[in-house]
Amino acid sequence: MSAREIYITKKSGERELFDSKKLESSLLSAGASKEAAEHVVNHIAREVEDGMSTSMIYDHAFFLLDRMEKPVSARYSLKRALGELGPTGFPFEKFMADIFRARSFRAETNQIVKGHCAEHEIDVVAWNENRLIMAEAKFHNEIGLKSDLKVALYVKARFDDIKGIDYFFGKKRKLDEGWLITNTKFTDRAIHYADCAGLRLIGWNFPAVGNLHDLIEDVAMHPVTSLSTLNQQEKRTLVDAGLVLCRDVRNVSKLQSLGLAPDRIKAAVEESKVICPENTARRDRFPH
């Protein structure tokens with residue numbers, strides 16, 4: 001069997017033809033240099049076998065890229081790192097509140113808001129002098145799962161019940177925007193409905209500009225699960241303690257209190273400075 005006829009297995013169980021150009025495109029999209037992308041692709045093309053899982057290929061590509069261009073490997077692994085914030089959705093809600101704060105919004109999670117007909121627990125509420133945004137953060141542990149029409153209908157109904165209320169957070173103001181945010185994707189029916197009904201959707205790669213990937217990259221706020229120097233147990237410890245940002249590991253005293261060894265803390269701090277530096281040029285693709 002030639003390399004062109006090698007089929008790989010997706011997480012869903014579906015088989016697809018291995019496409020080295022698709023792999024190279026994903027590496028380049030993450031910011032890999034042409035040289036690094038070609039090295040990774042050539043290495044994997046030599047070793048890929050019929051039936052190999054896409055997850056194994058990703059792990060191998062990440063390992064090679066991490067050795068060559070660490071900041072790029074963090075971007076390449078960003079989608080999976082978001083999934084590792086689970087299993088509950090609360091860390092993702094906190095992460096999204098931090099994204100809003102980086103945009104000069106005030107933001108709170110799990111707020112009880114009284115509507116016309118019922119009270120609603122809103123995952124993230126963000127506001128500044130000009131805008132009041134309420135967001136439902138739909139987290140999926142499996143990156144292949146999608147938020148569907150049923151979710152969009154449910155979220156829109158909640159925001160409609162709240163929309164006419166004109167006093168929030170100690171000030172007279174109306175709800176300007178209702179958002180549905182997911183760390184994965186939306187079904188076509190959910191997208192069509194939201195476009196018709198006026199519900200803003202923010203998914204991993206939706207819309208084309210101002211999607212979740214853009215919002216994270218624009219403010220250089222990667223999740224702590226992006227750090228390859230931490231093992232899974234250490235990541236879980238930090239997330240459970242409310243430390244969801246890559247830069248949170250610079251709180252050395254907090255990490256010490258959680259029982260991380262000094263050498264582990266040092267390695268994590270150094271990596272965080274590479275992946276999410278404090279002062280970087282930032283783009284503005286925030287939805288308006």
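Colour the chain by pLDDT, the predictor's confidence in each residue on a scale from 0 to 100: the mean is 91, and 98% of the residues reach 70 or more. Among the elements, which are DSSP runs numbered from the N terminus (helices, H or I, of at least four residues; strands, E, of at least two), strand S7 has the lowest mean pLDDT, 76, and strand S11 (residues 200–202) the highest, 98. This is a predicted model, in which local features need pLDDT of at least 70 and side-chain atom pairs count only at pLDDT 80 or more, while totals for chains, interfaces and linings use all residues. Residues are numbered from 1 along each chain as its sequence is written, and side-chain values use heavy atoms, with hydrogens and water left out.

**Stop 1: helix H7**

Select residues 149–163. Helix H7 has 15 residues and reaches 21 Å from its first C-alpha to its last, close to the 21 Å expected at 1.5 Å a residue (1.5 Å times one less than the number of residues). At its N-terminal end, Asp148 acts as a cap, with a side-chain oxygen 3.3 Å from the backbone nitrogen of Lys150. The buried residues of H7 (under 20% relative accessible area with a 1.4 Å probe, protein chains only; over 50% is exposed, in between partly exposed) include Val155, Arg158, Asp161 and Ile162. The elements they pack against include strands S3 (106–114) and S4 and helix H8 (188–197).

**Stop 2: His120**

Move to strand S4 (residues 119–127), where His120 is found. His120 is buried, at a relative accessible area of 10%. Its side chain makes a polar contact with the side chain of Asp161 at 2.6 Å; such a contact is a pair of N or O atoms within 3.5 Å, and within protein one must be able to donate a hydrogen and the other to accept it, with residues adjacent in sequence counting only if both atoms are side-chain atoms. Contacts (heavy atoms within 4.5 Å) beyond four places in sequence include Gln111, Arg158 and Ile162.

**Stop 3: the aromatic cluster**

Show Phe100, Phe105, Trp179 and Phe286, which ring pairs link into a cluster. Rings of Phe, Tyr and Trp (its six-membered ring) pair if their centres lie within 6.5 Å; planes under 30 degrees apart are stacked, over 60 edge-to-face, the rest tilted. The count comes to 9 aromatic pairs. Phe100 and Phe286 have ring centres 6.0 Å apart and planes at 80°, so this pair is edge-to-face. Because Phe100 lies in helix H6 (residues 90–102) and Phe286 in the segment after helix H12 (262–275), the pair ties together parts 186 residues apart in sequence. Phe105 and Phe286 form a tilted pair, 5.5 Å centre to centre with 40° between the planes.
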